[in-house]
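Thanks for making room for this on the agenda. I would like to walk through one model with you, taking the cysteines before the cores and the pocket.

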Amino acid sequence: MKKFTYLIPKNLDEAISLQQSHGERAKYIAGGTDVLVKIKEGKLAPEYLISLKHIIGQDRPFLNQETGELFIGAFVTHGMIEKSPLVQAHYPILHDAVKNIGSVQIRNVATIGGNLVNAVPSADGAIPLITLDSKVNIYGTKGQRSMALLRFFLGPGQCDLEKGEILTEIVVPRLLERTGGAYIKHGRREAMELPMLGVGVLLSLEEDMQTCVKARICLGVAAPTPIRALQAEKYLVGKVVNEQNLTEAGKIAGEESKVRDSIRGVAWYRREMVGVLIKRMGIKALERASRNVEVGMRNAE
Ligand SMILES: Cc1cc2nc3c(=O)[nH]c(=O)nc-3n(C[C@H](O)[C@H](O)[C@H](O)COP(=O)(O)OP(=O)(O)OC[C@H]3O[C@@H](n4cnc5c(N)ncnc54)[C@H](O)[C@@H]3O)c2cc1C
């Protein structure tokens, strides 16, 4: 493995200034689970690694009691999210995703920010966070900017970060009452492999606990970037959430997906599975909404 110098900036400005002075010879590193693998495989050969994980902000997810927004620092590890009582109780869709990332060892060091910036179509963190309508905060020499997470992804391995910019935070907006969500990574095994599909479903219900007022469906590995199944979402709004309507929504989403034949599975099978998994996650989301586990701020500690 090629030798590199490890730099530990104290704050974001110092990290950006180091990145600017070393240019292409430097690379940010958070948990290092992607960067170090690429260096070992000879795909990257930076002279400097600029550590982001020592910068303040590496804390657990927290809820703003006034706005009901959930804040997750970019340097928070998957393990911290997995163990968060707040996430377990109120955002099980996110818990579904992080608990199956890699192994315990990976989850203890790998960060949610690194997962998003890496921007692979199979990134497990991305799908539930898009399903939850999350935004990302980004810091650079021009100050802070914010964008919808869905728009952050530009292509496989490509995200909307300018040179030197740092992803600092993920913000999940307040959840509507009677909301439930679920995520599944579908592959031959659940962990330690790239999934064939990732499916997230979030449903908010009327007071009758049956009629859908808002639906979010996000698909991973179904296109070069994560996509929302907009037509399927539209179909569900105003309808009773039951097996029949979820089956129809799944069919619509299958048509909307851009799945291709790949070594992980042929297109027709993956399209069918989009439908099957949407139905399965929709039923789980309905159950969770009924148990009112995702009512956000009001019931959070
Ligand atoms: C054995 C193994 C199993 C894995 N299993 C899974 C899995 O099941 N699901 C899954 O989704 N992923 C998996 N991964 C991939 C990886 O662990 C995750 O993508 C992880 O979250 C990356 O985070 P990190 O902190 O280690 O990123 P790093 O390797 O430190 O960085 C990744 C990239 O992001 C940049 N970067 C990091 N943080 C920031 C930031 N805040 N702002 C700007 N740039 C930044 C780095 O420069 C680099 O380009 C696995 C990896 C391994 C080695």
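By disulfide I mean here a pair of cysteine sulfur atoms within 2.5 Å. Please keep in mind that what you see is a predicted model, and that by this criterion the structure holds zero disulfides. Why is C218 not in one? Its sulfur is 16 Å from the closest cysteine sulfur, which belongs to C159, and that is too far for a bond. Both residues are buried, C218 with a relative accessible area of 0% and C159 with one of 15%.

C159 also turns up among the contacts of F152, which, once neighbours within four places in sequence are set aside, include L116, V136, I138 and M147 as well. In the largest nonpolar core, which has 50 residues, F152 is one of those that touch the most other members, together with I72, Y91, L116, L129 and V136. Apart from that core lies another, of 31 residues, with L236, L246, A249 and L277 among them.

Turning to the second largest pocket, its volume is about 310 Å³, and of the 16 residues that line it, P121, V221, A223, R260 and R270 are the closest to its centre. By class, that lining is made up of nine nonpolar, two polar and five charged residues.

A word on confidence, finally: the average pLDDT is 92, and 93% of the residues score at least 70. Over residues 294-301, however, the pLDDT is below 50, although this stretch has 34 contacts in the model beyond near neighbours in sequence.

Key. Residues are numbered from 1 along each chain as its sequence is written. This is a predicted model: local features need pLDDT of at least 70, side-chain atom pairs count only at pLDDT 80 or more; totals for chains, interfaces and linings use all residues. Side-chain values use heavy atoms; hydrogens and water are left out. A nonpolar core is a set of buried Ala, Val, Leu, Ile, Met, Phe, Trp, Tyr and Cys residues joined through side-chain atoms within 4.5 Å. Buried means under 20% relative accessible area, exposed over 50%, partly exposed in between (1.4 Å probe, protein chains only). Contact means heavy atoms within 4.5 Å. pLDDT is the predictor's confidence in each residue, from 0 to 100. On a 1 Å grid over the protein atoms alone, a cavity is a set of points where a 1.4 Å probe fits but cannot get out, and a pocket is an open set with protein on both sides within 12 Å along at least five of seven lines; lining residues have an atom within 4 Å of a point. Grid points are joined across faces, edges and corners, and a volume is the space filled by probe spheres set on the points. Ala, Val, Leu, Ile, Met, Phe, Trp, Tyr, Cys and Pro count as nonpolar, Asp, Glu, Lys and Arg as charged, and the others, Gly among them, as polar.
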